[in-house]
Amino acid sequence: MSYKVTLIPGDGSGPEVIAAAKRVVEATGVAIQWEQAEAGAAMIEKYGTPLPDETIESIRRNGVALKGPVTTPVGTGFRSVNVAMRKIFDLYANVRPAKTYPGVITRFENIDLVVVRENTEDLYAGIEHMVGEDAAESIKLITRKGCERIIRYAFDFAVREGRKKVTAVHKANIMKCTDGMFLDIARQIAKEYPQIEFNDSIVDAMCMRLVMHPEDYDVLVCPNLYGDIVSDLCAGLVGGLGLTPSANIGVSGAIFEPIHGSAPDIAGQHKINPTAAILSASLMLAHLGEAKAAADIEQAVTKVISEGKTLTQDMGGTASTEEFADAVIAAL
Ligand code: NAD
């Protein structure tokens with residue numbers, strides 16, 4: 001069995017982490033035919049757009065992509081490649097696991113959380129305008145369909161992954177219509193999953209509890225804005241951007257990528273930590289049904305980090321991106 005996967009190296013430090021992740025996937029023995037595709041600012045000159053049609057078609061054909069980060073210049077008309085991909089493929093579920101690895105210095109041990117963030121609605125739909133010259137309005141649009149599918153995704157994920165608890169994060173005490181609907185739907189759907197414990201939390205209280213007792217949480221399901229903030233908080237709890245993978249799951253495609261950006265300050269220096277990209281590739285293999293290879297990668301990463309001999313600079317070591325990937329491959 002061979003899978004076809006679209007490979008988007010991205011720009012900045014993206015190609016370095018994606019090359020490392022690709023080598024690790026290949027070392028698992030799972031047969032993948034990579035279809036390389038391009039995205040990012042450099043494509044504008046060549047194609048007139050940062051997201052060429054060829055790239056969109058490749059993802060559409062293959063249904064799965066492994067993607068590196070793409071720089072989004074500030075203050076130009078450049079539309080974010082990530083936002084465009086979310087819209088085109090209706091990537092409604094952004095899944096961000098945050099787990100502590102022995103050997104990485106963090107405030108807490110044994111954190112194993114997953115944030116399931118709604119990825120298409122809420123204030124991120126970008127429905128905003130000026131009201132005269134001195135006021136601006138942004139509309140928070142949340143639909144029943146959007147709430148139902150993300151909440152159901154979170155419960156199904158919890159069942160599939162053998163997790164115990166789902167917490168719905170909201171601000172329904174203030175936003176009684178939008179977040180109120182999200183919470184009502186979560187309570188209804190929770191009844192269909194009696195094997196999964198369910199509770200809810202107001203987002204501000206949630207942030208405080210997460211930094212005090214992260215061990216109390218398991219799967220967090222959030223509307224878009226809260227999910228964006230809470231998932232970065234969770235990344236910080238487990239050691240930062242270099243360690244946190246993500247999956248963007250949609251109706252017509254799935255895109256796996258590290259949550260960090262293109263890290264232009266260290267691009268080309270071979271010192272970026274490829275862990276987040278390697279773990280994103282592990283999530284991709286699990287999505288393809290290659291559970292063993294996915295688990296093997298996670299175990300190999302855990303072994304290398306906990307041994308502490310081959311770590312990139314952000315983890316306190318001196319290893320290059322490639323040396324870290326080599327160590328993971330050796331551990332596999
Ligand atoms: P960033 O994540 O690129 O970098 C923030 C800091 O963290 C930098 O100092 C960087 O060197 C460091 N860092 C990030 N990842 C690291 C890793 N794996 N190992 C070691 N150090 C790491 O964030 P930024 O500087 O705000 O963004 C840079 C560009 O990336 C922007 O144009 C932004 O729009 C884009 N971006 C893209 C994505 C994406 O494509 N998914 C996500 C976030 C940001």
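Modeller: Before we start: two strands pair if DSSP finds at least two bridges between them. Keep in mind that this is a predicted model.

Colleague: Okay, so what makes β8 and β9 a pair of strands?

Modeller: Six bridges join β8 (residues 165-170) to β9 (residues 197-202). The cut-off is at least two bridges, so they count as paired. The two strands run parallel, and His 170 stands opposite Ile 202 in β9.

Colleague: And which helix goes with them in the β-α-β unit?

Modeller: That's α6, residues 178-190. Together, β8, α6 and β9 make a right-handed β-α-β unit.

Colleague: On to the rings. How many aromatic pairs are there?

Modeller: Four in the structure. One of them is Tyr 153 with Phe 157: the ring centres are 6.4 Å apart and the planes are at 25°.

Colleague: Why is that one called stacked?

Modeller: Two checks. Rings pair if their centres lie within 6.5 Å, and 6.4 Å passes. Planes under 30 degrees apart count as stacked, and 25° passes too, so the pair is stacked.

Colleague: Why are Tyr 153 and Phe 157 about one helical turn apart?

Modeller: Because they are four residues apart in helix α5 (residues 144-160). These two rings also belong to a cluster, linked by ring pairs, with Tyr 92.

Colleague: How do you know whether Tyr 153 is buried or exposed?

Modeller: Its relative accessible area is 13%. Buried means under 20%, so Tyr 153 is buried. Phe 157, at 9%, is under that cut-off as well, so Phe 157 is also buried.

Colleague: What about Phe 155 and Tyr 193, what makes them a stacked pair?

Modeller: They sit 4.9 Å centre to centre, with 20° between the planes. Set against 6.5 Å for pairing and 30 degrees for stacking, both values fall inside, so this pair is stacked. The pair links distant parts of the chain: Phe 155 is in helix α5 and Tyr 193 in the loop between α6 and β9, 38 residues apart.

Colleague: Why do you call Phe 155 buried?

Modeller: Phe 155 has 0% relative accessibility, which is under 20%, so it counts as buried. Tyr 193, with 9%, is buried by that cut-off too.

Colleague: Last one, out on the surface. Which residues make the nonpolar patch?

Modeller: Ile 127, Ile 139 and Leu 141, over about 220 Å². Ile 127 is found in the loop between β5 (112-118) and β6 (128-131).

Colleague: And why is Ile 127 called partly exposed?

Modeller: Its relative accessibility is 33%. Buried is under 20% and exposed is over 50%, so a value in between makes Ile 127 partly exposed.

Note on methods. Residues numbered from 1 in each chain as written. Predicted model: local features only at pLDDT ≥ 70, side-chain atom pairs only at ≥ 80, totals over all residues. Heavy atoms only, no water. Patch = residues over 30% accessible without salt bridge, like charges linked within 9 Å, V, L, I, M, F, W, Y side chains within 5 Å. Areas by Shrake-Rupley, 256 points an atom, 1.4 Å probe, with all protein chains shown as cover. Salt bridge = Lys/Arg side-chain N within 4 Å of Asp/Glu carboxyl O. Buried < 20%, exposed > 50% of the residue type's maximum accessible area, 1.4 Å probe, protein only. Right-handed = clockwise from strand over helix to strand, strands pointing away. Phe/Tyr/Trp six-rings, centres within 6.5 Å; stacked < 30°, edge-to-face > 60°.
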